[in-house]
Each structure stands twice: as C-alpha cells, then as structure tokens.
Amino acid sequence: MDTFEHESIYFRTDKASGLKAIIAIHSTRLGPALGGCRMRPYASAEEALEDALRLSRGMTFKAAAADLPLGGGKAVIIGDPARDKTPALLHAFGRMVQELGGRYITAEDVGTTVADMEHIRAEAPLYVVGIAEADGGSGDPSPVTATGVLHAIDACLDFTTGKTSLAGKRIAIQGVGKVGMSLAELLFSRGADLVVCDVVPERARIAAKRFLAEVASPEEIFGVPADIFCPCSLGGALNDETIPQIRAPIVCGAANNQLLDEERHGWMLMERGIVYVPDYVANAGGLISVYREIEKSSVSDRLTQLRVIGIGRTVRTVLEMARAEGIPTHQAAHRLVSERLEKGIDIS
Ligand code: NAD
C-alpha cells in the first residue's frame, strides 16, 4: 500500500513497558482520525505497519460511509495480548495518544478490551472512546456493530430477493467472537438457521448451544451451502483460495478488510455472481456507537439508532450504483465515500 496516501504515521517503542506501537493517520479531512487499537503478535514490524495502513484507510471510508464528521486512523501494538499486555504498556500507549493532541482518537479492537481503555484514558483523558457504560461511556460497541450488520443484511436481501424475512434462511458465520456472537443472537431471534465456526472451539460450542447452530470447521465454513455468508473474524477472509469455495449468494459480515486484495477479490466475487456488501459500510455500527461519546448530545441515543438504520440505506445506494454501472460493490462504495470526502463537511 502507498504510505504517502496517509497523512502521518507514528512509531513508538517504550523499553520500560515493552511497548512497540504504530499509529497511522489516514485522513483528518472530515474530522479527528478515529480508529481502534489492535494488539497482535505480528511476525514483523512490516506486517504491523501494513495492517495499520490498511485499517486506518478503512476507517476513513467507514466514517464517510456512515456520514460522521470523523477521519480515519488506527493503532497497532505488536505483542501477544495474553502475555504482553500490562497496565504499564497501556499507559505508555496512552502517552503516545496524548502527544498527538486529538488528531487521533483510540478505541478497543481485536486484542484490546473496554477495560484496557481505562488505562489508556488515564494518560489521554479526552482521546479515548468506547469506554465502559459504568464510567459514562457508550460501552462495548459490538452489539451495535452486529445490529448494523443486520440492517445491511436486510437491505441486501430486499435488494436481491424483494423480501427481508430471515425465517428459515441458512446463514454461515465465520467467527463467533464479540460481534459474531451478537449477530448470531439477532439472526436466531429472526428465525434464521445458523452454521458457525471459530478457531476457539469453545466459542463455536457456546453458539451451537445457545442458538441451535450447526458447527463447521474453520476450513469448511466457506463451502457451507447458505443464503448468506458472514465473515466476522479477521481480515483477508475473501481471497483466491476461499472465494471459489463460497456457496452463498450474499457475503455480508463485520470483519474489517475482508477482501485480501480489494480490486482482485472484489471483481472475483462479482464474476461469481456473489453480492458482496463492502465491510466498512456494513460494520460502521461500532463507529456510530462510540461517536456518541464525542457528540455528547442529549438526543444521541436516538441519533445513534437512526444512523444505524441508515447503514441499510447506504447499502441499498451502493448496490443500486453497482448494478446500474456494472461495477463491483467495493468500487461503488469507494465512489460514494470519495464524493463525500471531496465535498467535506457541510457546516452551513
Ligand atoms: P473478536 O476477537 O471478539 O472475535 C473474533 C472471533 O473470530 C474470535 O472468536 C476468534 O477466535 C475468531 N477467529 C479468528 N480467526 C478465525 C478463523 N480463521 N476462523 C474462524 N474464527 C476465527 O473480535 P470482534 O470484536 O468480534 O471483531 C470481529 C471482526 O469485526 C474484526 O475484524 C473487527 O475488526 C471487526 N469489527 C469489530 C467491531 C466491534 O464493534 N467489535 C466493529 C467493526 C468491525
């Protein structure tokens, strides 16, 4: 990826705590760059940088797709969350965020939790969102993300079949973590038949028990005959190897950066006749949820609901544009957000 597409990239090491972190700011055109802090045992600094660049770009698009006055950024911490994550490391990361003076606002992501945000907030009180409800924050954004994905699924079903009923629809979910599990619950309550998988077998077993779901292995999930396939684990799930296996006409899930190679795999899905809902359109609910903490309006909860419902309308716009112009949905979504970025914020 072209690093010069990004406004700034910051690297930080803190020997005392073992922190090795990167903050990538893709754009502040529409507002402060907001994006979660991901912690993973990356094999190299290059791999971590690549993730930060990809994810921060996705956040710019996601904020624009959700029509929020926010830019795109992302932080990655190199390390094993189970072994290396300590209060000292999170404080050192918090100091890095504070030094940026509000150009970057952080939140939880894969490998970090709402509880971790408290440590970061101790150092950067104004620049952390997604904090616990008990502490006056908006709490875990995952259920709102799942609700947004549900609206995206409804819009997609309506567009492709003219109906939104999920009763008896077979839906395959890859990854039943925070979002995948919430989504499974919502889909189950609407009468869908679920097939789930997770690399942590216990999580799949929990979903199977709660939602009468079938369990597939992480390798089998792509080839499960289904009405909808929902990638809800990590990025890159849609690639040369997996796309030919997919046996669902719709792909719509929560994971960020689902297309390993955006152009190549966006086209590949279209050529296979699979309707792909661009990830940053479908999964904007989490961002919408945490935005409440910045907005601080008395009618924020209502506005949040309306914005999450709006995800369905944006999906519809993207699908209509893609059909009308004969282009893949990722290009249609890109066009839509580029127009919004070009226009900037309407402050009239
Ligand atoms: P999570 O870590 O709670 O869940 C991910 C789950 O996927 C875990 O249970 C993990 O064991 C499983 N998994 C990992 N690799 C897998 C594989 N190859 N096959 C099957 N399962 C696998 O994370 P989350 O918060 O639920 O987020 C899921 C995805 O959605 C991520 O890509 C995240 O960036 C994205 N996302 C999350 C939110 C949010 O509000 N949490 C918002 C927007 C986007």
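Me: I'm new to this one. Is the crossing of α5 and α6 right-handed or left-handed?

Reply: The crossing of α5 and α6 is right-handed. Keep in mind as we go that this is a predicted model.

Me: Okay, and at what angle do the axes of α5 and α6 cross?

Reply: Helix α5 covers residues 142-161 and helix α6 covers residues 178-189; their axes cross at roughly 50 degrees and come within 8 Å. That angle makes α5 oblique to α6, because it falls neither under 35 degrees, which would be roughly parallel, nor in the range from 65 to 115 that counts as roughly perpendicular.

Me: Which residues of α5 and α6 meet there?

Reply: From α5 you have S142, P143, T145, A146, T147, V149, L150 and I153, and they meet K178, V179, S182, L183, L186 and L187 of α6. Sorted by class, this contact has 9 nonpolar residues, 4 polar and 1 charged.

Me: G148 isn't in that list. Where does G148 lie?

Reply: G148 lies in helix α5 too. With a relative accessible area of 0%, G148 is buried, since anything under 20% counts that way. Setting aside neighbours within four places in sequence, G148 is in contact with A282, V308 and I311. Also, G148 and Q305 are 157 residues apart in sequence, yet their C-alpha atoms are 9.4 Å apart in space.

Me: Let's stay with α6. At what angle do α6 and α7 pack?

Reply: α6 and α7 pack at about 15 degrees, with their axes 10 Å apart. So α6 is roughly parallel to α7. The crossing of this pair is right-handed. K178, M181, A184, E185 and F188 in α6 meet R203, I206, A207, R210 and F211 in α7. By class, that contact holds 6 nonpolar residues, no polar ones and 4 charged ones.

Me: How do I read a pair of aromatic rings, and how many aromatic pairs does the structure hold?

Reply: You look at two things: the distance of the centres and the angle of the planes. The structure holds 3 aromatic pairs. One of them is formed by F188 and F211, with 5.7 Å from centre to centre and 50 degrees between the planes, and this pair is tilted. It links distant parts of the chain, 23 residues apart: F188 sits in helix α6 and F211 in helix α7 (residues 201-211).

Me: Are F188 and F211 buried or exposed?

Reply: They differ in class. F188 counts as partly exposed because its relative accessibility is 32%, whereas F211, at 5%, counts as buried.

Me: What about phi? What sign should I expect?

Reply: Most residues other than glycine have a negative phi. Here, D67 has a phi near 60 degrees, a positive value in a residue other than glycine. Likewise, N257 has a positive phi, near 50 degrees.

Me: Where are D67 and N257 found?

Reply: D67 is in the loop between α1 (45-65) and β5 (71-78), while N257 is in the loop between β11 (250-251) and α8 (262-271). D67 is exposed, with 57% relative accessible area. N257 counts as buried, because its relative accessibility is 19% and the cut-off is under 20%.

Me: Can we do a strand? Which residues is Q174 in contact with?

Reply: Q174 is in strand β7 (residues 170-174), and at 11% relative accessibility it counts as buried. Leaving out neighbours within four places in sequence, Q174 is in contact with C197, I221, F222, F229, C230, P231, C232, S233 and A237.

Me: One more helix pair, please. How do α3 and α4 cross?

Reply: Helix α3 (residues 87-99) and helix α4 (residues 114-123) have axes that come within 7 Å and cross at roughly 50 degrees. They are therefore oblique to each other. The crossing is right-handed. P87, L90, H91, F93, G94, R95 and Q98 in α3 meet D116, H119, I120, A122 and E123 in α4. By class, that gives 5 nonpolar, 4 polar and 3 charged residues.

Me: And where is I309 found?

Reply: I309 is in helix α11 (residues 300-325). It is partly exposed, with 39% relative accessible area. The C-alpha atoms of I309 and G285 are separated by 9.2 Å, and the two residues are 24 apart along the chain.

Key:
Residues are numbered from 1 along each chain as its sequence is written. This is a predicted model: local features need pLDDT of at least 70, side-chain atom pairs count only at pLDDT 80 or more; totals for chains, interfaces and linings use all residues. Side-chain values use heavy atoms; hydrogens and water are left out. Axes are lines fitted to C-alpha atoms, for helices over the stretch in contact, and angles run from 0 to 180 degrees between N-to-C directions. Helices (H or I, at least four residues) and strands (E, at least two) are DSSP runs, numbered from the N terminus. Angles under 35 degrees count as roughly parallel, over 145 as roughly antiparallel, 65 to 115 as roughly perpendicular and the rest as oblique. A crossing is left-handed if the near helix is turned anticlockwise from the far one by less than a right angle, and right-handed if clockwise. Contact means heavy atoms within 4.5 Å. Ala, Val, Leu, Ile, Met, Phe, Trp, Tyr, Cys and Pro count as nonpolar, Asp, Glu, Lys and Arg as charged, and the others, Gly among them, as polar. Rings of Phe, Tyr and Trp (its six-membered ring) pair if their centres lie within 6.5 Å; planes under 30 degrees apart count as stacked, over 60 as edge-to-face and the rest as tilted. Buried means under 20% relative accessible area, exposed over 50%, partly exposed in between (1.4 Å probe, protein chains only).
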